[in-house]
Amino acid sequence: MHFLNSFSGKFNLLINKKGKCTIGKFLMIDGPVYIKALNKSKIVIGENCFFNHNCCITSMNSINIGNDCMFANNVTIIDHDHSIFDNKISKNEYVTDKITIGDNVWCGANVVILKGVKIGNNSIIAAGAIVNNNIPDNEIWGGIPAKKIKDINCGGKNDR
């Protein structure tokens with residue numbers, strides 16, 4: 001973790017077994033925020049990111065968050081599910097797949113990002129969306145499951 005960070009409220013970081021977590025400079029947190037790197041997982045959070053209260057990142061595989069990202073309250077990012085055998089949920093077996101979030105991504109309140117998703121640079125995820133598919137660069141997505149709403153014109157800094 002870089003020494004230039006700003007934490008307000010609770011910040012709970014759990015690194016279990018051989019998990020790893022790398023945090024770039026100037027992470028802003030308005031906690032509580034919960035980050036868990038379980039088993040041999042790897043979490044990377046880029047520079048100049050902001051997490052509002054009640055955000056939760058849990059990894060059993062890999063979660064990579066780019067630079068200049070913003071996460072509103074109650075965002076959940078989780079790269080695994082319980083396995084299902086014979087129509088029963090396994091308590092000890094998991095299906096995992098990495099999550100990649102590009103640079104300059106903005107996630108609204110109550111967004112859920114599920115395993116295997118890649119979110120492109122300069123994208124916006126509308127409040128309440130559940131992301132279970134890849135999102136290309138420069139697009140706004142929302143809904144359950146999240147679907148494309150429109151393109152973003154990225155000609156200048158103030159286009160949002």
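This report describes the strands, core, aromatic pair, cysteines and salt bridges of a predicted model.

## The six-stranded sheet

An open sheet made of six strands runs in the order β2-β5-β8-β11-β16-β19, and its strands pair in the parallel sense. At its edges stand β2, residues 11-15, and β19, residues 130-131, each of which pairs on one side only.

At one end of this order, β16, which covers residues 112-113, runs parallel to β19 and is joined to it by two bridges. Within this pairing, V112 has I130 of β19 as its bridge partner.

## Strand β20 and its partners

Strand β20 covers residues 139-142, and both of its faces are covered: E139 and W141 lie on one side, I140 and G142 lie on the other, and all of them are buried. In general terms, the side chains of a regular strand alternate between the two faces of the sheet.

Strand β20 has a parallel pairing with β18, residues 124-125, over two bridges, and here I124 has I140 as its bridge partner in β20. Strand β20 also pairs with β21, residues 147-151, this time in the antiparallel sense and over four bridges. In that pairing G142 is found opposite K147 of β21. The hairpin formed by β20 and β21 has four residues between the strands, and G143 adopts a positive phi there, near 105°.

## The nonpolar core

The largest nonpolar core contains 33 residues, and the ones with the most contacts inside it are I45, F51, I65, F71, I77, I101 and I113. Several strands each supply at least two residues of this core, namely β3 (20-23), β5 (33-37), β6 (42-45), β8 (55-59), β9 (62-65) and β14 (99-101). Of the strands, β5 gives the most to this core, with three residues.

The surroundings of I45 give a closer view of this core. When residues up to four places away in sequence are not counted, I45 touches T22, I23, G24, L27, I35, F51, I57 and I65.

## The aromatic pair

A search of the whole structure finds one aromatic pair. It consists of F51 and F71, whose rings are stacked, with 4.5 Å from centre to centre and 5° between the planes. The pair links distant parts of the chain, since F51 belongs to strand β7 (residues 50-51) and F71 to strand β10 (residues 70-71), 20 residues apart. Both F51 and F71 are buried, and both are also listed among the residues with the most contacts inside the largest nonpolar core.

## Cysteines without disulfides

No disulfide appears in a search of the whole structure. For C69, the closest cysteine sulfur is that of C49, and because the two sulfurs are 4.6 Å apart, they are too far from each other for a bond. The cut-off that matters for this reasoning is 2.5 Å between the sulfur atoms. C107 is likewise in no disulfide, and its nearest cysteine sulfur, that of C69, is 7.5 Å away.

With regard to exposure, C69 has a relative accessibility of 0% and so counts as buried. C107 is buried too, with a relative accessible area of 0%.

## Salt bridges

The count of salt bridges in the model comes to three. One of them joins K115 to D81, with the closest N and O atoms 2.7 Å apart. This pair links distant parts of the chain, with K115 in the loop between β16 and β17 (118-119) and D81 in strand β12 (residues 80-85), 34 residues apart. Both ends are partly exposed, K115 with a relative accessible area of 26% and D81 with one of 34%.

E139, K148 and D151 are linked in a network of salt bridges. In this network K148 forms a salt bridge with E139, where the closest N and O atoms are 3.4 Å apart, and another with D151, where the closest N and O atoms are 2.8 Å apart. The exposure of the members is not uniform: E139 counts as buried at 10% relative accessibility, whereas K148 is partly exposed with a relative accessible area of 43%, and D151 is partly exposed with a relative accessible area of 47%. The buried state of E139 fits the description of β20 given earlier, where E139 and W141 lie buried on one side of the strand.

Notes: Residues are numbered from 1 along each chain as its sequence is written. This is a predicted model: local features need pLDDT of at least 70, side-chain atom pairs count only at pLDDT 80 or more; totals for chains, interfaces and linings use all residues. Side-chain values use heavy atoms; hydrogens and water are left out. Buried means under 20% relative accessible area, exposed over 50%, partly exposed in between (1.4 Å probe, protein chains only). Two strands pair if DSSP finds at least two bridges between them. Rings of Phe, Tyr and Trp (its six-membered ring) pair if their centres lie within 6.5 Å; planes under 30 degrees apart count as stacked, over 60 as edge-to-face and the rest as tilted. A nonpolar core is a set of buried Ala, Val, Leu, Ile, Met, Phe, Trp, Tyr and Cys residues joined through side-chain atoms within 4.5 Å. Contact means heavy atoms within 4.5 Å. A salt bridge is a side-chain nitrogen of Lys or Arg within 4 Å of a carboxyl oxygen of Asp or Glu.
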